[in-house]
Amino acid sequence: AGAGSTSTHEAVSLSERSEAAGADALLHISPYYNKPEPAGMAQHFRRVADAVDVPIIVYNVPSRTGRDIEIGTTVSLAEHPNIAGYKAASGDIGKISEVIERTRDQAFSVLSGDDGMTYPILAAGGMGSISVAANVRPGPVSASIDAALEGDYERARDVHHRLGPLFSALFVETNPIPVKEAMAIEFDHPPHVRLPLTRLAPESREDLADVLASLPRDAPTA
């Protein structure tokens, strides 16, 4: 369950409610807009992790929040017994690789938060992905990740490149606009986006439909 907030108090409340509702784990984006300093960032996540018994995944996406979670902060958070992972969406493979290197002896999983970066993150030692593309092509996305985790990087790379046009089409406008449109195309129901988000532009919808038609839903066999 996504339980993040720019307010620590609200993040704790959302976490407790999510745990009570039966969530198996919680995804926590870093506080956005108020841009806390590293000490405040660390205290925020620790306060949330102390409040619940389900595992926490820290989500770093500075392009949306306005603040990068520093490497040292992430490494220190990995020592917390209830912080189990890190969703990496900074776009900086060097920093992501350093987090992997410095936490590899911890019970801590680094996960791709950007479909286009999943293959290099896995090659650097990442453990999986929280994927946008898997909403519409779970078979091929899983096949690429499974192959990489099994050490078959040639197959993982091949499937990753096959999915490249879909990754691009799903980010032609602000996420989640394109993926909601993709779900509508696939399952024939109108997409629902709340303002200030709007429907995908018609020309982009046509391109997205063509990409989806070119990619099988099942995992590739060769």
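Which residues have the most contacts inside the largest nonpolar core? In this predicted model, they are I83 and V110, in a core of 28 residues. At least two residues of this core come from each of α1, α2 (38-51), β2 (56-60), α4 (71-77), β3 (83-88) and α5 (93-103). The element that gives the most is α2, with four residues. In soluble globular proteins, nonpolar side chains tend to be buried together.

V110 can be described by its contacts. With neighbours within four places in sequence left aside, V110 is in contact with Y86, A88, I96, V99, I100, T103, G126, M127 and G128. There is also a second, separate core, made of 24 residues, with V141, A156, L170 and L212 among them.

**The largest pocket**

The largest pocket holds about 940 Å³ of space. Its lining consists of 33 residues, and those nearest the centre are Y59, R64, K87, N175 and P176. Sorted by class, the lining has 16 nonpolar, twelve polar and five charged residues. Elements that each supply at least two lining residues are β1 (26-29), α3 (62-65) and α10 (177-187).

Two of the residues nearest the pocket centre, N175 and P176, are joined to each other by a cis peptide bond with omega of about 15°. P176 sits in the loop between α9 (164-169) and α10. Another cis peptide bond joins L195 and P196, where omega is about 15°. P196 belongs to the loop between α10 and α11 (202-214).

**S5 and I29**

S5 is located in the segment before α1 (8-21). Is S5 buried or exposed? Its relative accessibility is 1%, so S5 counts as buried. The side chain of S5 has polar partners: it makes a polar contact of 2.7 Å with the side chain of E10, and a polar atom of the S5 side chain lies 3.0 Å from the backbone nitrogen of S7. Beyond the neighbours within four places in sequence, S5 is in contact with E10, A11, L14, P31, Y32 and H44. E10 is thus on the contact list of S5 as well as being a side-chain polar partner of S5.

I29 lies in strand β1. The C-alpha atoms of I29 and S5 are 7.1 Å apart, while the two residues are separated by 24 residues along the chain. I29 has a relative accessible area of 19% and therefore counts as buried, the cut-off being under 20%. Not counting residues up to four places away in sequence, I29 touches G4, H44, F45, Y59, V61 and T65. H44 is in contact with S5 and is also touched by I29. Y59, another residue touched by I29, is one of the residues nearest the centre of the largest pocket.

**D68**

D68 is placed in the loop between α3 and α4. Its relative accessible area is 23%, so D68 is partly exposed. Which residues does D68 touch, not counting those up to four places away in sequence? They are M41, N60, P62, S90 and K95. Two of these residues also make polar contacts with D68 through their side chains. The side chain of N60 is 2.7 Å from that of D68 in one such contact, and the side chain of K95 is joined to that of D68 by another, of 3.3 Å. D68 and P36 are 32 residues apart in sequence, and their C-alpha atoms are 9.8 Å apart in space.

**Positive phi values**

Two residues that are not glycines have a positive phi, K35 and D188. They are set out below with their locations and accessibility.

| Residue | Phi | Location | Relative accessible area |
|---|---|---|---|
| K35 | about 50° | loop between β1 and α2 | 40% |
| D188 | about 55° | loop between α10 and α11 | 74% |

At 40%, K35 is partly exposed, whereas D188, at 74%, is exposed. The loop that holds D188, between α10 and α11, is also where P196 is found.

Key. Residues are numbered from 1 along each chain as its sequence is written. This is a predicted model: local features need pLDDT of at least 70, side-chain atom pairs count only at pLDDT 80 or more; totals for chains, interfaces and linings use all residues. Side-chain values use heavy atoms; hydrogens and water are left out. On a 1 Å grid over the protein atoms alone, a cavity is a set of points where a 1.4 Å probe fits but cannot get out, and a pocket is an open set with protein on both sides within 12 Å along at least five of seven lines; lining residues have an atom within 4 Å of a point. Grid points are joined across faces, edges and corners, and a volume is the space filled by probe spheres set on the points. Ala, Val, Leu, Ile, Met, Phe, Trp, Tyr, Cys and Pro count as nonpolar, Asp, Glu, Lys and Arg as charged, and the others, Gly among them, as polar. Buried means under 20% relative accessible area, exposed over 50%, partly exposed in between (1.4 Å probe, protein chains only). A polar contact is a pair of N or O atoms within 3.5 Å; within protein, one must be able to donate a hydrogen and the other to accept it, and residues adjacent in sequence count only if both atoms are side-chain atoms. Contact means heavy atoms within 4.5 Å. A nonpolar core is a set of buried Ala, Val, Leu, Ile, Met, Phe, Trp, Tyr and Cys residues joined through side-chain atoms within 4.5 Å.
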